[in-house]
Amino acid sequence: MSEPIPVEVGLVYEGERVRKQDMQVELGGPSVTEKFEIVRVRKTDEITDGAIEIIGPDITQMTEGNVHPLGILVELAGERVEPDLEGVVERRIHEYCNYIEGFMHLNQRYDIWIRLSKKSYKKGLTSLKIIGHVMHELFKNELPIIEKVQITFITDPLEIKPLYAEALKTYEARDARARGLSDDDVSEFYGCALCQSFAPTHVCVITPQRYANCGAISWFDGRAAAGIDPKGPIYAIAKGECLDKEKGEYSGVNESARQRSMGEVKRVYLYSAFGYPHTSCGCFEGIAFYIPEVDGFGIVLRSFRDLTVNGLAFSTMADSTAGGRQIDGFHGISIEYMRSKKFIDADGGYHRVVWMPHETKDRLKPFIAPDVFPAIATELDVKNIEDLHAFLAGHNHPVTERWRATDAAAGVEAAQQVQVFSGGDIPLTVAGFRIILKNAKITAEKVIIQPIRPHVKPGGEHHDAKKQ
Amino acid sequence: MSRKGVSFRVKEINSDIAQFRDLSISIGAIHEEKWDEPMGPTPFPTLSTLRSWDHTLLKRYKPFYLPFCDLCCLCTYGKCDLTGTKRGACGISMSAQQSRTVLIAACIGAATHISHSRDLLTHVIEQYGSDFPLNIGGTSVEVEAPITRLVCGVKPETLGDLEPVLDYCENQVTQLLAVTHTGQEGNNLDFESKVFHAGMVDHVGMEVADIAQVSALGFPKADPESAMADLGLGTVDATKPVVLVIGHNVPPSTSIIDYLRDNGLLSEIEVTGICCTAMDIARYSAKAKIIGPISWQLRYIRSGVPDVIVIDEQCVRTDTLQEAAAIRTPLIATSDKNCLGLPDRTNDPIDAIVADFVSGKVAGALVLDMEKVGEIAVRVAQGIAPNRKKQGTLPSKDRIIELAKKCTQCMLCRRACPNDLPIPQAIKPAAGGNLGPLNELYDDCVGCGRCEPACGQKIPVHSLIVGAAEKQTREETFCIRTGRGAIQDVEIRKVGGPIVLGEIPGIVAFVGCANYPKGSREVAEMCMEFAKRRYIVCTSGCSAMSAGMYRDKDGKTAYEKYSGAFEAGGIVNVGSCVSNAHISGAAIKIASIFAKRPLRGNYEEIADYVHNRVGAVGVAWGAMSQKAAAIAAGFWRLGIPVVVGPHGTKYRRMLLGRADKDEDWYVYDARTGEKVYGGPVPEHLFFAAETKEEAMVMIAKLTMRPNDTSKGRANKLANYVDLHKRHIGGLPPDVHRLVRVPADIPLTMKSEILEHLQQHDWKEQPIPDPTLLPRMVHTRRD
């Protein structure tokens, strides 16, 4: 650190815990109501860079072992700093505080819980000003677009009340904007190539309504990261022309995917698992998998250990999903994307979902249309495709309408399959000569018996030339 | 399905298309393929198949020879002096001879694992049948045998499917051993390439052994919450009859547990173990107790606690029979690789054998029938315990003082000690009644006992040390998470995000034997340090035990403090020696899981992927055996660096990179095909550290890879710089070689690193999509 700090500041302290008997003071935490941390973007002339103020008692004025309310107000300014970044930058407070030896920071927003250890207090960490200095320096080190940072700590029980109320309102407004923001409202999406270090042909496209597959990067995170380091692994994608509104195809996304994947991926449908689905690396949180027998989707999260309704486990299907390929009907997704209105929207959204583990179903309940909710089966309802079929019919799931429409086509398909099997015999029956072996001895080091590959349903892998 | 040796004869067939008379068809093997992944370029590679990959690595990581012996005495021309530029009678040079010796060691190691694997597989096939399905981790493991798939191109499904895989391994070790004959290979780099081959084959053999035992014997299946087992001398209830098992091959020990279980005796007899048999018996029954690594053999036997000793194979002290006799404890040998001159009683009735042991008529016997061993061992322990009264050979305090008075301070014991412990200096005060200094040696002692034959006064020096630490040994009550087996595919998926986002700096595996420079505590301390820093820590074998034999200031062992999951800050005990295959297997699975690279018979491409992308480091702090040499070699061929303790220099050569030679560190950028500077990462492939502190700094550095994202590199650098500052002092001198772009700089160290970069005329370098193989350069598809 450029200023002398009495304790160490470094990554190694990140997981450090300060236990009750070792703490000098506790700030925030479960026993006080008024506590918050918030980042606000201001105009350049409204704040002073490096100003650190404490409203109320500082640490030395607090009794050992006591609990105090705490508000942390970080005000930022910079030409390229916009209010949409507030939430992203705010999460850095947690990280930076935890780098400080003996200063434990848990949770975020109105839930913060901080403890200062006696040991660090004795070493000289006796003022919140020092915490402010560290935060100031780290903000500017990491986020060079920030030109000014002003930090205020509020510990006075009366002064904090109005600021706390205001902070709550700000969080709510911010959440409402995030919830309401649709892909149509923005002109830029973001691409993330972080996973290319392991999966060189995969790229994630991050939109307000489609979180990164790993569940770790939102459109706001993308915007912040691309703004801070435009040459970095997270970069802006100009949407370009909307080529297919329903499937979510944009000329800018196609161009970016083509560039970044070395031409492996030429088109991307953001809201469909068919045709040109969004690719996956390996760390997706869940899979939406097509079940051809019922023409619907199953959903399985990484945490589900049993077999899914199609008899395959997450790991088995994940193997078909990963690696930056476009595989029809195997779609790597994040949990947050499952909460989006655009979730496989082109394929029917939740009206096309027929199965998911009950835990997942409960978790996603607020995002699933009430009319289809009871018609989605879980592992408690059905164990195999046959039962699933009956369950869907019994609950009149929307996919049952599709069955009626495609019945005729299914008949044709079955006839085609027969031909595949009979084909293998032809060379022998038309050979037209007799083989005579006398006193023959045939020796083989090894005979490999390979299965005749089952006929692949339409909509297999999308890599063969004739489909492109 | 796989079937070997099918043949049939037909007298006469007449059909429309053909007529056969006296037809005899014999087929070496029928193999039904259910795996539709296309075969890769190198299934079942021979000695030279992967030679060019080996030479690619060896060009960068040149062998640096440390001749442990300047002579060659392998043939009757010799001894030949090979110092300087001299050559031996056969024409061999010093460098080739050193590599040749490494190859012999690696062959011994690989042969040992493979032969263990064969014995185990034969045993479980006899017990459960060759159609018994493999089950490594239920639905959480899709890639059941990553190394076997990669090397052999085989996807095994049953125990029987593993047999042709071992056939291959046995064949290769024979070929490799032939290479070391006088007048064969003459080039040191070709010897080194074959060392890599031995290592690769060794990992196949280990994988076969562990997946066979995990499947057939019901060991924890890739379970991050496998049960805790007792660890340490102090956990044994010496009031009960006590069985001690030593070695590596678990069937004799499972036979003991089975007999106890079937007869309701589990709570009446203590089953204790040393070395990997202990690790594996605890995977079979968490009631079994692990005493400790190989270094605990003498001290535990001399304590007199074991009433019967059952040995199988590998790392069993060859004087165990004499040590057992000294405490009047019978010894049962169970492996035809380790018969110790004992009479073969395999075919005798159990009652007769038990009677002979209990009456004291025989001190030891060879019993090669695993079914019988369990019953014999238990009944002998029960029969003998009441009369033996746990008579040990460790001296009392008064006796120690008396013996210490005989010491002439000749220093020969200290010279004999591999770690130069100040034994005479500790014996001197003991003669005056102060046993403190002797007690202090206990923690650092590796239990080899070499001090005793060195003593002209016939003082049982090792016993003096252990006797002085009597109170401490009683307090050895630790715990260990039992070996969990493989890493789940799902766990690997979960850590992908945190690795690229810079939340997990790397994977560090503490493996291998217990020839530690300063006792086992250092392994535990290093494990905890890296877990605290959010690395993924893996452990196996003796190192896994050592990791649990220490409590931190909160009184917790590493396994109590950290989770057993493959995640940031997890300490993952995979199991015994042969479980090491799961660590290399996890690195291989990363390529399959994230990049969907085909594994089948595709070694070179995957090794290139692992070397350039997977930030894993192996640490064998007490590497001692030839097996450790083979295990390390298996990691090298995958391009994974290995750090060893100071005794590791006795493996005769290091594989060191030269960070100062920029030209050594160019990689292809797979996106453009251009050769670009990738940085000296990982800097070395095989490195011996003098101290724990030096090792930790090097481990942190060796987790860096050319593909690191900026966030990942920043985290790795932050740990490297922090450890360097703490343990060596100041900013490391090579930071400028490791920072590629400004975003690589850890933000808490920005000002000082920027200053360093300025001083070194640093220039920004692009982060490549790295490969050492020109064929892996992408061709644009548009």
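Two strands are taken to pair if DSSP finds at least two bridges between them. The exercises below apply this to a predicted model.

**Exercise 1. Work out which residue of strand 7 of chain A stands opposite A:Glu26, and place the two strands in their sheet.**

Step 1. Begin with the strands themselves: strand 1 of chain A covers residues 23–28 and strand 7 of chain A covers residues 113–117, and the two are joined in the antiparallel sense over five bridges.

Step 2. Within this pair, the residue of strand 7 of chain A that stands opposite A:Glu26 is A:Arg115.

Step 3. Strands of a sheet pair through backbone hydrogen bonds, and the pairing may be either parallel or antiparallel. In chain A, the open sheet of four strands with the order 4-1-7-6 has mixed pairing.

Step 4. At the edges of this sheet stand strand 4 (67–68) and strand 6 (103–106) of chain A, and because each has a single partner strand, one side of each is left without a neighbour in the sheet.

**Exercise 2. Describe the surroundings of strand 9 of chain A, giving its partners and how many of its residues are buried.**

Step 1. Strand 9 of chain A (residues 188–192) runs antiparallel to strand 11 of chain A (residues 234–238), and five bridges join them. One of the partnerships to look for in the structure is that of A:Cys192 with A:Ile234 in strand 11 of chain A.

Step 2. Strand 9 of chain A also pairs with strand 10 of chain A (residues 204–206), again in the antiparallel sense, over three bridges. Here A:Gly191 has A:Val205 of strand 10 of chain A as its bridge partner.

Step 3. For burial, apply the cut-off that a residue is buried if 20 or more other C-beta atoms lie within 10 Å of its own. Four of the five residues of strand 9 of chain A are buried, so this strand is largely enclosed by the rest of the structure.

**Exercise 3. Characterise how domain 1 and domain 2 of chain A touch each other.**

Step 1. Chain A is divided into domain 1, residues 11–179, and domain 2, residues 186–394, and their C-alpha centres lie 36 Å apart.

Step 2. Counting contacts, nine residues of domain 1 of chain A are found to meet six residues of domain 2 of chain A.

Step 3. On the side of domain 1 of chain A that touches domain 2 of chain A, helix 1 of chain A (residues 86–99) supplies the largest share, three residues. By character, the residues of that side are six nonpolar, one polar and two charged.

**Exercise 4. Give an account of chain B as a whole, and state why its compactness can be likened to that of a globular protein.**

Step 1. Chain B contains 29 helices and 23 strands. Its radius of gyration is 27 Å, which is close to the 28 Å that the globule rule gives for 782 residues, and it is therefore as compact as a globular protein of that length.

Step 2. The C-alpha trace of chain B spans about 90 × 85 × 60 Å along its principal axes, and 59% of the 782 residues of chain B count as buried.

Step 3. Among contacts in chain B between residues at least 6 apart in sequence, those joining residues at least 24 apart make up 76%.

Step 4. As to confidence, the mean pLDDT of chain B is 95, with 97% of its residues reaching 70 or more, while for the complex the predictor gives an ipTM of 0.83 and a pTM of 0.91.

Definitions and conventions: Residues numbered from 1 in each chain as written. Chains lettered and ligands numbered in written order. Predicted model: local features only at pLDDT ≥ 70, side-chain atom pairs only at ≥ 80, totals over all residues. Rg over C-alpha atoms; globule rule 2.2 N^0.38 Å. Buried ≥ 20, exposed ≤ 12 C-beta atoms within 10 Å, placed from the backbone. Contact = placed C-beta atoms within 7 Å. pLDDT = per-residue confidence, 0-100. Domains from an automatic or database assignment. Nonpolar A, V, L, I, M, F, W, Y, C, P; charged D, E, K, R; others polar.
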